[in-house]
Amino acid sequence: MRVGLLDADLFWGNHANGRRYGKTKADIFPNLVLMKLSAYHKQRGDDVSLYMSFEQYDRVYISKVFSTTPIDQQVIFANEIYFGGSGFCIELVDGKEVYRHPEYNPFTGHLMYHTEAGIRTDPTRSGQKYIYTENLPYEIEHIMPDYSLYPTIKYTAYGFLSRGCPRGCHFCHVEAKEGRSSYKVANLSEWFGGQKNIVLCDPNILACREWKDLLQQLADSKAKVDINQGMDARLLTPEKVEYLNKIRLSTIHFAWDDYKQKDAVLKGLKCFAEHFHRKLDKGHLAQVFVLTNYDTTHAQDLERIYTLRDMGFEPYVMVYDKAHADRFYKSLQRWVNMRAIFHKIATFEEYDRCKAKE
């Protein structure tokens, strides 16, 4: 069988997220689902490669992470086309993102037929069969990813040790995708093969019952670890920070998305600042995601940014529904996230005046 793997966010890449990968090949963030599919099919002896236009395949898999990645209507030459991922499930309704599985085939516009749980199909008149699936089968979900699919990331392992989150934040899709609890899904050895670096994608590992075991596995790996999701600062305790001290952290992220959680978030961040003793790579400070354009005022956005900076953290502005956000949020994001400017110009008001003169 000839299998093509189409990374939609990379292949159809020029969209509102700036390709999601950065500007160079070295910045590519791999699609974990496609790497697992590659490993599975190679074990079966199939001919597997990243998708190439106008090539003929027996089966093509399309994975899309971001809803802002446009769907290319080009003809895909394959007998079977499997597609899935959050990017196919998120739509904007009355200014708010809603997560739901598609009823219509986004490529043909046809209503899909429901078969077994999580499977929806659209057999076209031309003989092609489109198949939408929510989850990978167990034997594929728990396979060692084929990191050779993305040669530029050969020194880094990517994966999840836990899934789900108990918070159920309205702006977040984790509850809809993975459930409103945090639970262990793998040991590190399932997707780590001794690489120099690890990128951990867990949504709320500190809420997982087995957090000690999972953090200890990261520490025992001796690899440099990037915790790339916003950890729940409200759950930080001196004991948990001590476990983080054991890990060779290159970067770590927290989140202050809900302004109303100010006291609990700041208490946790103060605990981290007092008990965390390791140095992050290149003099980086712990980064804190700051959600804007959702349910806060401009004054509350600026308060969070200034407070975090004064505490020694690096705020990082995230703009909800950025495509429709007003100029304030886009300008605020540029000022904060461009570090050289943020540390040179003390206030947003000063930065905005400088921009107005240009």
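Which side chains meet in a salt bridge at 3.9 Å, N to O? They are those of Arg2 and Asp47, and the views below start from the sheet that holds them.

This is a predicted model, in which local features need pLDDT of at least 70, side-chain atom pairs count only at pLDDT 80 or more, and totals for chains, interfaces and linings use all residues. Residues are numbered from 1 along each chain as its sequence is written, and side-chain values use heavy atoms, with hydrogens and water left out.

**View 1. An open sheet of 7 strands.** The strands follow the order β2-β1-β3-β4-β9-β8-β7, with mixed pairing. At the edges sit β2 (47-50) and β7 (113-114), each pairing on one side only. Strands here are DSSP runs of E with at least two residues, helices are runs of H or I with at least four, and both are numbered from the N terminus; two strands pair if DSSP finds at least two bridges between them. Strands of a sheet pair through backbone hydrogen bonds, either parallel or antiparallel.

**View 2. Parallel and antiparallel neighbours.** β1 (residues 2-7) runs parallel to β3 (residues 57-63), and 5 bridges connect them; look for Gly4, whose bridge partner in β3 is Val60. β7 and β8 are antiparallel and joined by 2 bridges, with His114 opposite Arg120 in β8. Another antiparallel pairing, over 5 bridges, links β8 with β9 (residues 129-133), and there Ile119 stands opposite Thr133. In β8 (residues 119-123), 4 of the 5 residues are buried. Buried means under 20% relative accessible area, exposed means over 50%, and partly exposed lies in between (1.4 Å probe, protein chains only).

**View 3. Arg2 and Asp47, a salt bridge between two strands.** A salt bridge is a side-chain nitrogen of Lys or Arg within 4 Å of a carboxyl oxygen of Asp or Glu, and the structure holds 20 of them. Arg2 belongs to β1 and Asp47 to β2, so this one ties together parts 45 residues apart in sequence. Arg2 is partly exposed at 27% relative accessibility, and Asp47 is also partly exposed, at 46%.

**View 4. Lys42 and Asp146, a salt bridge between distant parts of the chain.** The closest N and O atoms of Lys42 and Asp146 are 2.7 Å apart. Lys42 lies in helix α2 (residues 32-43), while Asp146 is in the loop between α3 (138-141) and β10 (156-159), 104 residues apart. Lys42 is partly exposed at 39%, whereas Asp146 is buried at 11%.

**View 5. A nonpolar surface patch.** Phe54, Val75 and Phe77 make a patch of about 330 Å². Val75 sits in the loop between β3 and β4 (78-84) and is exposed, with a relative accessible area of 52%. Patch residues have over 30% relative accessible area and no salt bridge; nonpolar side chains (Val, Leu, Ile, Met, Phe, Trp, Tyr) are joined within 5 Å, and like charges within 9 Å.

**View 6. A cavity and its lining.** A search of the whole structure finds 1 cavity of 30 Å³ or more, with a volume of about 40 Å³ for the largest. A cavity is a set of points, on a 1 Å grid over the protein atoms alone, where a 1.4 Å probe fits but cannot get out; lining residues have an atom within 4 Å of a point. The lining includes Leu200, Pro203, Ile205 and Met231, and β14 (residues 224-231) gives the most to it, with 3 residues.

Notes. Accessible areas come from the Shrake-Rupley method with a 1.4 Å probe; for residues, only the protein chains shown count as cover. On a 1 Å grid over the protein atoms alone, a cavity is a set of points where a 1.4 Å probe fits but cannot get out, and a pocket is an open set with protein on both sides within 12 Å along at least five of seven lines; lining residues have an atom within 4 Å of a point. Grid points are joined across faces, edges and corners, and a volume is the space filled by probe spheres set on the points.
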